[in-house]
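Please study the sequence and the three-dimensional structure shown here before attempting the exercises.

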Amino acid sequence: MVMNIEKLVRKNIWKLIPYQSARRIGGKGDVWLNANECPVPNYFQLNHMMLNRYPECQPEALLSCYSSYTGINKENILITRGSDEAIELLIKTFCEPNLDKIVFCPPTYDMYSISAYILGIESHRVPLLNLSWQLDVNSIIKCINDSKLIYICNPNNPTGNLINIEDIIILLKASLGRALVIVDEAYIEFSPINSLTNLINIYPNLVILRTLSKAFALAGLRCGFILANVNVVDVLLKVINPYPISIPTSSIAIQCLSKKNISDMRSKVFNLNLNRLWFMNQLKLMNCCIDHVFCSVANYILIRFFNSKKVFNMLSKEGIIVRDQGSKLYLNNCIRISIGTSKECIKVIHIIRKINNLYAG
Ligand SMILES: *Cc1c(COP(=O)(O)O)cnc(C)c1O
């Protein structure tokens, strides 16, 4: 028996090019610098637990821990299955199909546009200003009348820079009552003074996305958070799956938010930030193969090479997997490299130096 699946599937899904996750792209090697993960793991234990009962939709104990970590009240927090679920949940909850759009600002994280596309919601693409990577505020404001959600990634992935807070505040004011401004703070632990959490109580249309996947070294856990006005949290609670957070997930998330583990996280972040500075300074010496090194406050650096294919392949031959960004808007010949351990950074620099010497000599 044969079945033509194309006749059954939604037309947009048939045409969909799925998110090219680091795991989906794959690659052979033992140095993984392609997904902005923390290079060193924490070790957690699960005690004997009974799993015959469903979990709480929003595990109270985890809400309490995240509330003390952020200083944000529990009623302003929603726990999600990673921030990827949060990105989608907001679109499902706020965007009317064929009517409301989202705004996103490339080059940025791909899941804003992909989630919207899957849900049949159109996007306004308002590119970041080329090279400063700041918001084109006036063009975004022009999109507000038919948009419900404005996605801003801060620090931005893959460019690594912070978005000017003054610009975000202009957008919050301009869109009040018409759209939500969603600030994705997946990497904010690497630059914590730039978090906008203290604005949650001032701007009811500000929504902040957080995750345990990056600085907390728990990408495998799948746990994220939405910080927002109570009214926003309450409508999201109507839409979220009944049991998004498994009991093992909340148990480990609670452990990682202990005083000791938060201070461990901070010292890892401190070391990774030092590694990034060292890495950046080394790269700046190699101007025969590198066109530009973009400033970063996060755990990755975007680099424009003269010939990124060659660099990618040389790294790959040595078992180092990095992220090609060349197909993204304005990012021709760019590669994003996650900051690894000191040893991993040294290994990468050795190889890039060899390439640089080839050009120099
Ligand atoms: C990694 C990443 C995420 C995904 O986080 P999860 O919590 O693992 O789903 C979200 N936003 C940005 C900008 C990211 O880089």
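The exercises below are each followed by a worked solution.

The model is predicted: local features need pLDDT of at least 70, side-chain atom pairs count only at pLDDT 80 or more, and totals for chains, interfaces and linings use all residues. Residues are numbered from 1 along each chain as its sequence is written, and side-chain values use heavy atoms, with hydrogens and water left out.

**Exercise 1. Cysteines**

Determine how many disulfides the model holds, and examine C95 and C105.

Solution. A disulfide is a covalent bond between the sulfur atoms of two cysteines. The criterion applied is a pair of cysteine sulfur atoms within 2.5 Å. For C95, the closest cysteine sulfur belongs to C143 and is 13 Å away, too far for a bond. For C105, the closest cysteine sulfur is again in C143, at 8.6 Å, which is also too far. The count under this criterion is 0 disulfides.

The next step concerns accessibility, where buried means under 20% relative accessible area, exposed over 50%, and partly exposed in between (1.4 Å probe, protein chains only). C95 is buried, at 7% relative accessibility, and C105 is buried, at 4%.

**Exercise 2. A pair of helices**

Describe how helices α11 and α13 pack, and which residues make the contact.

Solution. Helices (H or I, at least four residues) and strands (E, at least two) are DSSP runs, numbered from the N terminus. Axes are lines fitted to C-alpha atoms, for helices over the stretch in contact, and angles run from 0 to 180 degrees between N-to-C directions. Helix α11 covers residues 259-284 and helix α13 covers residues 342-360; their axes are 10 Å apart, at an angle of about 10 degrees. The two helices are therefore roughly parallel, since angles under 35 degrees count as roughly parallel, over 145 as roughly antiparallel, 65 to 115 as roughly perpendicular and the rest as oblique.

Contact means heavy atoms within 4.5 Å. On the α11 side, the contact is made by N275, W278, F279, Q282 and L283; on the α13 side, by S342, C345, I346, V348, I349, I352 and R353. These residues divide into 8 nonpolar, 3 polar and 1 charged. In this scheme Ala, Val, Leu, Ile, Met, Phe, Trp, Tyr, Cys and Pro count as nonpolar, Asp, Glu, Lys and Arg as charged, and the others, Gly among them, as polar.

**Exercise 3. The surroundings of L283**

Is L283 buried or exposed, and which residues does L283 contact?

Solution. L283 lies in helix α11 and is buried, at 1% relative accessibility. Leaving aside neighbours within four places in sequence, L283 is in contact with I290, V293, I301, I303, I349 and I352. The C-alpha atoms of L283 and I352 are separated by 8.2 Å, although these residues are 69 apart along the chain.

**Exercise 4. Backbone geometry in loops**

Locate the cis peptide bonds before P155 and P158, and the positive phi values of R222 and Y330.

Solution. Most residues other than glycine have a negative phi, and most peptide bonds are trans. A cis peptide bond joins N154 to P155, with omega about -5 degrees, and another joins N157 to P158, with omega about 15 degrees. P155 lies in the loop between β5 (147-153) and α8 (165-175), and P158 also lies in the loop between β5 and α8.

R222 has a phi near 70 degrees and is placed in the loop between β7 (206-211) and β8 (224-228). Y330 likewise has a phi near 70 degrees; its loop runs between β12 (323-324) and β13 (334-338). R222 is partly exposed, at 33%, and Y330 is partly exposed, at 32%.
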